[in-house]
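User: I've got a model open and would like to talk through how its pieces pack. Could you take me through it?

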Amino acid sequence: MDYKRRAFIKELVREKDSAMASTCTRKVLEHCQISPPPGSVPTTSLPLTFFDIPWVGDIHVECLYFYEFSNPTQHFTQTILPTLKHSLSLTLQHFYPLVGNLLCPPPPTKPYILYNNGDSIPLTIVESTNNFNHLIGNHPRDFIELDHLVPKLSPIQISNETFVFPLLALKITIFPNSGICIGITNLHVVDGWTSLNFMKSWASIVSAGGESIITRLEKFLPYYDRDVIKDINGVEAILMNEYFGLRSTWKDSILGNNNALPLDHVQATFVLSRAQIQSLKKWLFAQSKNENGSTPQHLSRFVVTCAFIWVCLIKTQDQIGAISSNDVDEIYHFVFPADCRERLEVPVPMTYFGNCLALSVSAAKKGELLAENGVVVAARAIEKTISMKQSEPLKGAERWISDLMNLLKLGRLCTVSGSPSLGFYESDFGWGRPKKAEVVTRPMNISLAECRNEKDGIEIGLLLTKSAMDTFSSIFEQSLNFLH
């Protein structure tokens, strides 16, 4: 289709301009389209549910998977790449909506996903002279270095009334004799579980020599039945009205490319080991008892990690002068998605294709977060929110969009992406597990993944300015040392 070709040309120009502006060189080796096998999937539409509506639009997730690969580029292109392409085609047969587009017609029509027979996704192959070992480190790396590895999704308005959003793009960057990076960008209307299951399925077929062995894929294959999602409270109609209001602003905000990239930022990974998480739990219990306050009942590694990082971030903002107000009663918010698959009256299969996330918001006063027991305050707030979602996962669902818009306007929030339960390090293409898996994040967003080298540890990704990252690193280390 013409609008996809325009997006591909834009990507090629971007690579050329990026290479000219950087000390390392990047060369586009190939730009191709991959479809499911001919005739394997008919034209199919997939409706959205009320869980998807808050994520409709140019909201996407970018992930990078780095693999060690000690062979030259020619070996990769002649020996490995053909199997990757063939296996990708077979994988897309099972995940066919990813090849289609999100269509957003004018009101009152609901947005939906449409796959047309013959649709394809872009796959770009690039050779880079950048330092592979530098890129897979946990130390701060310039945002632009990671952004070069990410494929771009270009929303296209095909008429004055309808917006079309491609769902998936892939880029493979080869670092000769060092490694490979597979970059994947998908719309958030495709949830994290589906994206990870797609990667695991693709890797499984590649490692099987390009054979789609159903018995190896069964636990990853998507579940498409929308009837499993019940809108018993009439939430969808309310969210649709709010969605239509936001949609009216898209022409300028999306097609105008007003989202500036944080080029002066660096991204770093911080690791909390299992022992450190256990120490945090013990310290939190002890502090709660000493205060004669309520003792947290369910201190999961998610709660402990998020509370600790949230407080470190607030202290960082305070130290660098990013918090201008002296009002200690000013409210700060911690926003995270709660997976509802096992919390609804009728459980939803883990391989369900689509979102099943509830917006979850914890709040605490700035002065309490900055105090010596700030982590205790943060942990109580987050645990309270999770406990409420356990019993009433859909409470307030009709306000998901309006609540998030109001929080974004206030600006005093920290958000979470990823999860240590998703299994980022389980995609093995036959070259071993990823040396590094990373969500390319945004300012004041915490990305979470399981620890590659230790069970029950957590990797935390952050994007900050260089000076803020130095301050955060110092606070992070000092806070951990204080526990001992």
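**Helices, sheet and odd backbone spots**

Analyst: Let's start with a helix pair: α10 and helix α12 (residues 374–391) cross at roughly 135°, and their axes come within 8 Å. This is a predicted model, so keep that in mind throughout.

User: Is that α10/α12 pair roughly perpendicular, roughly antiparallel or oblique?

Analyst: The two axes cross at roughly 135°. Roughly perpendicular stops at 115 degrees and roughly antiparallel starts over 145. That makes α10 and α12 oblique.

User: How many nonpolar residues does the contact of α10 with α12 have?

Analyst: From α10 come Phe 302, Val 303, Cys 306, Ala 307, Phe 308, Trp 310 and Val 311, and they meet Gly 374, Val 375, Ala 378, Ala 379, Ile 382, Glu 383 and Ile 386 of α12. Gly counts as polar and Glu as charged. So the contact has one polar residue, one charged residue and a nonpolar count of 12.

User: And α2 with α5: which hand does that crossing have?

Analyst: Helix α2 (residues 73–94) packs on helix α5 (residues 192–207) at about 130°, with the axes 9 Å apart. The two are therefore oblique to each other. As for the hand of the α2 and α5 crossing, it's right-handed.

User: How many charged residues sit in the contact of α2 with α5?

Analyst: On the α2 side you have Thr 83, Leu 84, Ser 87, Leu 88, Leu 90, Thr 91 and Leu 92, which meet Phe 198, Ser 201, Trp 202, Ile 205 and Val 206 in α5. By class, the contact of α2 with α5 has eight nonpolar and four polar residues, and the charged count is none: no charged residues.

User: Now the seven-strand sheet. Which are its edge strands?

Analyst: The sheet is open, with mixed pairing and the order β7-β12-β18-β17-β15-β13-β14. An edge strand pairs on one side only, and that fits β7 (141–142) and β14 (357–365).

User: Which strands does α10 lie across?

Analyst: Helix α10 (residues 301–319) runs at about 150° to β13 (331–339). The strands that α10 lies across are β12 (265–272), β13, β14, β15, β17 and β18 (458–465).

User: In β17, what is the bridge partner of Gly 418?

Analyst: β15 (residues 413–418) and β17 (residues 445–450) run parallel and are joined by four bridges. One of the residue pairs is Thr 415 with Asn 445. For Gly 418, the partner in β17 is Leu 448.

User: And in β18, what is the bridge partner of Ala 449?

Analyst: β17 and β18 run antiparallel, again with four bridges between them. The partner of Ala 449 in β18 is Glu 459.

User: How many residues of β17 are buried?

Analyst: Asn 445, Ser 447 and Ala 449 are buried on one side, and Ile 446, Leu 448 and Glu 450 are buried on the other. Both faces of β17 are thus covered. The strand is largely enclosed by the rest of the structure, because the buried count is six of the six.

User: Is Asp 456 buried, partly exposed or exposed?

Analyst: Asp 456 is in the loop between β17 and β18, with a positive phi near 75°. Most residues other than glycine have a negative phi. The relative accessible area of Asp 456 is 30%, and buried needs under 20% while exposed needs over 50%, so Asp 456 is partly exposed.

User: Last one: which residues does the cis peptide bond join?

Analyst: Look in the loop between β4 (101–104) and β5 (112–115), where Pro 108 sits. Omega of the cis bond is about 10°, and the residues joined are Pro 107 and Pro 108.

Technical notes. Residues numbered from 1 in each chain as written. Predicted model: local features only at pLDDT ≥ 70, side-chain atom pairs only at ≥ 80, totals over all residues. Heavy atoms only, no water. Pairing = 2+ DSSP bridges. Contact = heavy atoms within 4.5 Å. Axes fitted to C-alpha atoms, helices over the stretch in contact; angles between N-to-C directions. Buried < 20%, exposed > 50% of the residue type's maximum accessible area, 1.4 Å probe, protein only. Parallel < 35°, antiparallel > 145°, perpendicular 65-115°, else oblique. Left-handed = near helix turned anticlockwise from the far one by under 90°.
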